[in-house]
Amino acid sequence: RYHSRLEEFYEVISYHYQPSHYYERAFHYLKLSGEKSMRNNSAFEAYNFYQAALASLDQFPNADMKKKSRVEIIHAMMSSIIVLGFPEDSLDILESGIEAASELDDRKSLIRFYSNAGLYHSSKGKHDQGLEFIEKAYVEAHAIGDITAISQTTPDLILMKMSEGRFSEVVEIASQLISAIREEGRELDNFGGPAVVLPAFLSMSGYALSHLGRFEEAQNKFKEGLAVASRTDSIFTMAVCNSYPARSLALQGMWQGAKDFYLTALDYLKQATFPFLEAFVKSGLGVAEAFLGDPQYGEKLVKEARSCLKAANMEWNRSIIFFSQGICSHEAGAMKRAHVLMDNALRLAVKEHEVDLQGLSLMWKGRIAKHLPRQSSEEAQSSIMKGLEMFTGLDIKPDAAMGHLFLGEHYAAFSEAEEALIHLRKAEALFASLDMGYWYNQTKGIIQQLESPE
């Protein structure tokens, strides 16, 4: 009876052993305490327990045991490190893991730590260095043909490809892993990461398909992902699998549907401590609220998202926060502030090599500029065209359609009706084919005004 309740006292037992000479027992119960905290969705608490377990290794007398235990605890703590957005000493931890795994000739651990180190570098704005680490790990994982190693490195590669706007590659890579996991019968496995991999990848694949304009296929992926996620007890996975459909619906301009999914994701996140994902969801919800007619509340939500990142000392995806706040300011009519925010979003997106956000920030910056007295028509037009060229080259149809709409608006504002109609009709055709009703109606309204100026 008492043994079955032992989990309730892991923390007490671990701190009881720490001041003593029972180093291995202290390590064991600190690790168990960290795992318990992650199951209870408290990443901060888990990370602190894992840190204490790492510190206890300094007292281990046996060098080989010390190395093996270091590798073991770093594997255990990676989920908390990732969801907390790589706390300050993350790189030191990963490098110590790489060193220990190398000395132990532990190839699988080395692959994982290399991949995670790459994600760390990327999150700190060193995209090329991060990609080099991740691609090396990904190739090595496939070379040894281990499904766990492949499932640990592929999410990092997918995140890099998404930031580069290479959504066709995302669909292909995700499809390969989805098939491999199903063949192995490991549909509910998280492979040591924060999310159950299969439903997360189905959702990420759906999001990538959305950017390619394949919204119907995307919806099928989202449904599959949610169906698998609902068979797990992972709050993080459920939040992820609700956030991607929200982003897809927002891309289509289906703001109420997007809001509903974002609110469901937030309901899950209220039960957990995942600041990065909470910030992501709140910023998206803020944009949906702005387009639904309440930009002041939308901006409040985006500011809360920024506070989440700041409180956790996280640098990931700050560009999306400025971008979202810029849209809210635009919808509120505060054009000068919106322009400054878009400029900040663009600067950060360039620094962090986020191609999709670069293109969007350029286009929105140009769209906003026509409302500002000191901005020249040529600068605004050039900004929109640069963003449009980026999306056309990557076959990102929904954003390319937006570019044509913004150019049409621009030419119409400067009384160049013929040029405006060329771009507006391109946008109209694209929005119709993509079932992007909100933006189709916006475009149709401007065309009608130009064709019937009376």
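Trainee: Which loop holds Leu292?

Mentor: Keep in mind that this is a predicted model. Helix α14 covers 275–291, and α15 covers 295–311. Leu292 sits in the loop between α14 and α15.

Trainee: Is Leu292 buried, partly exposed or exposed?

Mentor: Buried would need under 20% relative accessible area, and exposed over 50%. Leu292 comes in at 38%, so the label is partly exposed.

Trainee: Which residues does Leu292 touch, leaving aside its neighbours within four places in sequence?

Mentor: Here a contact is a pair of heavy atoms within 4.5 Å. Outside that window of four places, Leu292 is in contact with Trp255, Gln256 and Lys259.

Trainee: And how far apart are the C-alpha atoms of Leu292 and Lys426?

Mentor: Along the chain, Leu292 and Lys426 are 134 residues apart. In space, their C-alpha atoms are separated by 26 Å.

Trainee: Zooming out, how many helices and strands does the chain have?

Mentor: Strands are quickly dealt with, as the count is zero. The helices number 22.

Trainee: What radius of gyration does the chain have, set against a compact globule?

Mentor: For 454 residues, a compact globule would come out near 22 Å. The chain agrees with that, at 24 Å.

Trainee: What share of the residues counts as buried?

Mentor: Residues under 20% relative accessible area go in that bin. Out of 454 residues, the buried share is 57%.

Trainee: How far apart are the mean positions of the positive and negative charges?

Mentor: The chain carries 46 positive and 60 negative charges. Take the mean position of each set, and the separation is 4 Å.

Technical notes: Residues are numbered from 1 along each chain as its sequence is written. This is a predicted model: local features need pLDDT of at least 70, side-chain atom pairs count only at pLDDT 80 or more; totals for chains, interfaces and linings use all residues. Side-chain values use heavy atoms; hydrogens and water are left out. Helices (H or I, at least four residues) and strands (E, at least two) are DSSP runs, numbered from the N terminus. The radius of gyration is taken over C-alpha atoms; the globule rule is 2.2 Å times the number of residues to the power 0.38. Buried means under 20% relative accessible area, exposed over 50%, partly exposed in between (1.4 Å probe, protein chains only). Lys and Arg count as positive and Asp and Glu as negative; His and the chain ends are not counted. The place of a charge is taken as NZ of Lys, CZ of Arg, CG of Asp or CD of Glu.
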